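Reader: I'm new to this one and would like a close look at a single part of it. Could you take me through it slowly?

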Amino acid sequence: MPIIAIDSLDDPRLDDYVALTDVALRRRTEPARGLYIAESQTVLERALRAGHEPRSVLVAPRWLPQVEALLGDRDVPVFVGEEPVLEELTGFHLHRGALASMQRPALPDASALLAHARRVVVLDGLVDHTNVGAAFRSVAGIGADAVLVTAACADPLYRRSVRVSMGTVLQVPWTRIESLEAAMPAFRDAGFEVVAMALRDDAVDLDAYAADAADRVALVFGSEGPGLGARAIAAADRVVRIPMHHGVDSLNVAASAAVAMWALRAEPNGRRS
């Protein structure tokens with residue numbers, strides 16, 4: 001693989017790494033360029049294991065041997081620079097070993113994901129990339145078969161989302177849908193009961209629902225502030241809430257997703273609890 005010492009920050013080959021802390025800029029440019037940023041050797045390893053292709057890698061000299069071992073015989077340019085240079089380029093101190101610019105994989109069709117799934121999580125309109133990453137990590141670990149994110153939801157492949165998820169956004173199948181309402185025919189065709197997780201007076205408590213849950217369930221979670229919108233709730237088949245104590249009205253959305261998935265989890269032998 002070509003090892004390239006960085007001698008100028010104006011090198012256009014480094015454009016993928018410019019201003020990584022500018023969220024608004026990166027949200028526009030990364031999907032348009034067909035890339036995402038994998039931060040840390042751990043995430044890079046999981047991306048490669050998932051079959052994702054690197055465009056290039058950015059690394060400090062002390063991490064170069066480990067990165068070379070990960071890349072193997074791939075013909076990928078590796079840019080090497082001292083840490084102050086990398087910080088000037090990216091906007092933050094690189095202390096996790098490496099950054100890699102990765103090709104965005106093509107997202108599957110929602111119907112294809114639902115065809116073989118039993119427990120699905122839908123993230124509708126989350127604005128915080130950290131919450132998206134945390135939700136992916138939780139539901140992937142507990143056994144979600146797929147995650148669907150609406151058009152209004154923050155990017156699961158944004159650097160912070162990938163990092164917080166510990167790379168699980170690269171492991172659990174996921175795709176985008178325009179909205180819950182637009183995806184309802186696909187859920188119906190696949191035999192899913194769609195469950196809105198919302199604070200409503202007519203909502204069923206989670207433990208009561210889990211005791212007699214449908215075979216195929218899609219759990220839908222709304223944005224951090226207002227939660228699920230009225231149209232999404234109206235489209236759902238059931239409304240379920242997590243009982244709370246001490247005057248607390250709700251959990252963080254990532255925590256809610258973990259609790260709800262745990263209540264509907266699969267046992268190690270594949271049997272649903």
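How many bridges join strand S6 (residues 119–123) to S11, and do the two run parallel or antiparallel?

Author: Happy to. Keep in mind as we go that this is a predicted model. Five bridges join S6, which covers residues 119–123, to S11, and the two strands run parallel. To pick out one pair, Leu123 has Phe221 as its bridge partner in S11.

Now let's turn to S11 itself. Strand S11 spans residues 217–221, and it also pairs with strand S9 (residues 193–197), through four bridges and again in parallel. On that side, Val194 has Ala218 of S11 as its bridge partner, while Val195 stands opposite Leu219.

Zoom out a little and you can see where these strands sit. They belong to an open sheet of seven strands with parallel pairing, and the order is S8-S7-S6-S11-S9-S12-S10. Strand S8 (174–177) and strand S10 (204–205) are at the edges with a single partner strand each, so each has one side with no neighbour in the sheet. S11, by contrast, has S6 and S9 next to it in that order.

What about the side chains? In a regular strand they alternate between the two faces of the sheet. In S11, Val217, Leu219 and Phe221 point one way, and Ala218 and Val220 point the other way. Buried here means under 20% relative accessible area, and five of the five residues of S11 meet that mark, which leaves the strand mostly covered. That goes for the residues pointing either way.

You can compare this with another strand, S3. Strand S3 takes in residues 54–59, and five of its six residues are buried, so the rest of the structure largely encloses it. Its pairing comes in two senses. With strand S5 (residues 99–103), S3 pairs in the antiparallel sense over four bridges, and Ser56 has Ser101 of S5 as its bridge partner. With strand S4 (residues 78–80), S3 runs parallel, and three bridges join them; Val59 is matched there with Val80.

For a helix residue, try His129. You'll find His129 in helix H6, which covers residues 129–142. Its relative accessibility is 5%, so His129 counts as buried. Leaving aside residues up to four places away in sequence, His129 touches Val23, Arg27, Ala154, Asp155, Tyr158, Arg160 and Ser161.

Last, the whole protein, to put those parts in context. Its secondary structure comes to eleven helices and twelve strands. The radius of gyration is 20 Å, close to the 19 Å that the globule rule gives for 273 residues, so the protein is as compact as a globular protein of that length. Along the principal axes, the C-alpha atoms fill a box of roughly 65 × 35 × 35 Å.

Buried residues account for 49% of the 273. If you take contacts between residues at least 6 apart in sequence, 76% of them join residues at least 24 apart. The accessible surface is about 12300 Å², and 50% of that belongs to carbon and sulfur atoms. As for charge, there are 28 positive and 36 negative charges, and their mean positions lie 4 Å apart.

Conventions
Residues are numbered from 1 along each chain as its sequence is written. This is a predicted model: local features need pLDDT of at least 70, side-chain atom pairs count only at pLDDT 80 or more; totals for chains, interfaces and linings use all residues. Side-chain values use heavy atoms; hydrogens and water are left out. The radius of gyration is taken over C-alpha atoms; the globule rule is 2.2 Å times the number of residues to the power 0.38. Buried means under 20% relative accessible area, exposed over 50%, partly exposed in between (1.4 Å probe, protein chains only). Contact means heavy atoms within 4.5 Å. Accessible areas come from the Shrake-Rupley method with a 1.4 Å probe; for residues, only the protein chains shown count as cover. Lys and Arg count as positive and Asp and Glu as negative; His and the chain ends are not counted. The place of a charge is taken as NZ of Lys, CZ of Arg, CG of Asp or CD of Glu. Two strands pair if DSSP finds at least two bridges between them.
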